[in-house]
Amino acid sequence: MKIILDKSLEALGVKHVVIGIAKNVDPNAELTPAFLQKQKEVEEWALQCNIDEVIQHPFIQGYIELMQKAGRSIKKNPPTIPAFIRNIQHRGSMPHINSIVDIYNVETLKSFLAIGGHDLDKIQEPLLFTVSQKEDTFLPICSTPKHVAETDYLYRDSQGILAWMGVRDGENYKFDDTTKNAIFIIQGNGNTPVEDRVEALHRIEHDLRECMPALEFETIIVDAE
């Protein structure tokens with residue numbers, strides 16, 4: 001797959017994007033007892049943690065700075081991790097979507113990294129990481145079309161937008177019961193070292209492999225062109 005990191009994102013501090021390609025995945029796989037225990041521990045932490053303290057973490061501050069550089073409201077578009085924790089505290093539990101999503105949701109909370117997950121077979125290359133540079137529309141998961149400003153950062157393929165501003169993923173690229181191949185994207189920010197993002201993908205790979213023995217996994221680091 002041809003993947004391009006445009007220099008417009010480098011100007012915002014995103015110089016590298018870390019990607020995991022996972023083939024032969026099964027969204028209906030039975031999660032292992034070890035993973036379920038880890039999920040339970042992460043859920044318990046999220047239910048009792050102090051969100052204000054989470055927001056002070058350097059990774060979260062980096063996402064806030066990135067959003068502010070793009071001129072978007074943090075109040076209206078809070079970073080993924082604090083927003084996810086608020087959702088868990090409101091619900092009283094972690095949501096359970098499918099085995100693939102559950103695995104990378106746990107890693108999101110453990111690493112404080114925003115991780116995009118998409119059905120690889122729904123993507124038409126090239127995959128482009130960029131500032132939009134034009135007015136556009138985006139269809140988030142389980143929502144209505146959203147206006148995209150010229151200064152919004154996102155990643156897209158030849159058909160549409162996969163993810164917007166690091167906080168919303170696209171409806172047309174989401175996992176479903178027939179998903180066979182997945183792509184995980186950690187775009188990061190100026191405060192998220194490549195090494196931390198690679199380690200997060202390695203943990204996702206481990207958890208997937210434990211319940212999906214036919215898994216093939218490749219990690220790719222994309223540099224700005």
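Reader: In which loop does Phe 112 lie?

Author: In this predicted model, Phe 112 belongs to no helix or strand but to a loop. Helix 6, which comes before that loop, spans residues 99-111, and strand 3, which comes after it, spans residues 116-119. Phe 112 therefore lies in the loop between helix 6 and strand 3.

Reader: Is Phe 112 buried or exposed?

Author: The cut-off for a buried residue is a relative accessible area under 20%. Phe 112 has a relative accessible area of 11%, so this residue counts as buried.

Reader: What is the phi of Phe 112?

Author: Most residues other than glycine have a negative phi. Phe 112 has a positive value, with phi near 60 degrees.

Reader: In which loop does Asn 24 lie, and what is the phi of this residue?

Author: Asn 24 lies in the loop between strand 2 and helix 2. Asn 24 is partly exposed, at a relative accessible area of 37%. Its phi is also positive although the residue is not glycine, with a value near 65 degrees.

Reader: Which peptide bond is cis, with omega near 10 degrees?

Author: Most peptide bonds are trans. The cis bond leads into Pro 126, a residue of the loop between strand 3 and strand 4. With omega near 10 degrees, it is the bond from Glu 125 to Pro 126.

Reader: What is the order of the five strands in the open sheet?

Author: The pairing in this sheet is mixed. Strand 1 (3-5) and strand 9 (168-169) each have a single partner strand, so these two stand at the edges. The order of the five strands is 1-4-7-8-9.

Reader: How many bridges join strand 7 to strand 8?

Author: Strand 7 covers residues 153-156 and strand 8 residues 161-164, and the two run antiparallel. Across this pairing, Leu 154 in strand 7 faces Trp 164 in strand 8. The number of bridges joining the two strands is three.

Reader: The charged end of which residue sits over the ring of Trp 164?

Author: Trp 164, which stands opposite Leu 154, also has a charged group over its ring. That group is 4.6 Å from the ring centre and belongs to Lys 146.

Reader: How many salt bridges does a search of the whole structure find?

Author: Side chains of opposite charge can pair when their charged atoms come close. One of the pairs is Lys 38 with Asp 207, whose closest N and O atoms are 2.6 Å apart. Lys 38 is in helix 2 and Asp 207 in helix 7, 169 residues apart. The total for the whole structure is eight.

Reader: Which residue meets Arg 72 in a salt bridge?

Author: The N-to-O distance in this salt bridge is 2.8 Å. Arg 72 lies in the loop between helix 4 and helix 5, and its partner in the loop between strand 6 and strand 7, so the bridge ties together parts that are 80 residues apart in sequence. Arg 72 is partly exposed at 24%, whereas the partner is buried at 0%. That partner is Asp 152.

Reader: Which residues of the largest nonpolar core touch the most other members?

Author: In soluble globular proteins, nonpolar side chains tend to be buried together. This core holds 45 residues, and its largest share, seven residues, comes from helix 7. A second, separate core of 30 residues includes Tyr 155, Met 165, Ile 185 and Val 222. In the largest core, the members with the most contacts are Ala 22, Leu 109, Phe 184, Ile 204 and Leu 208.

Reader: Why is the pair of Tyr 104 and Phe 184 assigned to its class, and which class is it?

Author: Both residues are buried, and their pair is one of five aromatic pairs found in the whole structure. Planes over 60 degrees apart meet the cut-off for the class in question. The ring centres of Tyr 104 and Phe 184 are 5.6 Å apart and the planes stand at 65 degrees, so the class is edge-to-face.

Reader: In which strands do Phe 129 and Tyr 155 lie?

Author: Phe 129 and Tyr 155 form a tilted aromatic pair, with 4.8 Å between centres and 40 degrees between planes. Both are buried. They are 26 residues apart in the chain, Phe 129 being in strand 4 and Tyr 155 in strand 7.

Key: Residues are numbered from 1 along each chain as its sequence is written. This is a predicted model: local features need pLDDT of at least 70, side-chain atom pairs count only at pLDDT 80 or more; totals for chains, interfaces and linings use all residues. Side-chain values use heavy atoms; hydrogens and water are left out. Two strands pair if DSSP finds at least two bridges between them. Helices (H or I, at least four residues) and strands (E, at least two) are DSSP runs, numbered from the N terminus. A salt bridge is a side-chain nitrogen of Lys or Arg within 4 Å of a carboxyl oxygen of Asp or Glu. Buried means under 20% relative accessible area, exposed over 50%, partly exposed in between (1.4 Å probe, protein chains only). A nonpolar core is a set of buried Ala, Val, Leu, Ile, Met, Phe, Trp, Tyr and Cys residues joined through side-chain atoms within 4.5 Å. Rings of Phe, Tyr and Trp (its six-membered ring) pair if their centres lie within 6.5 Å; planes under 30 degrees apart count as stacked, over 60 as edge-to-face and the rest as tilted. A charge sits over a ring if NZ of Lys or CZ of Arg is within 6 Å of the ring centre and within 35 degrees of the ring normal.
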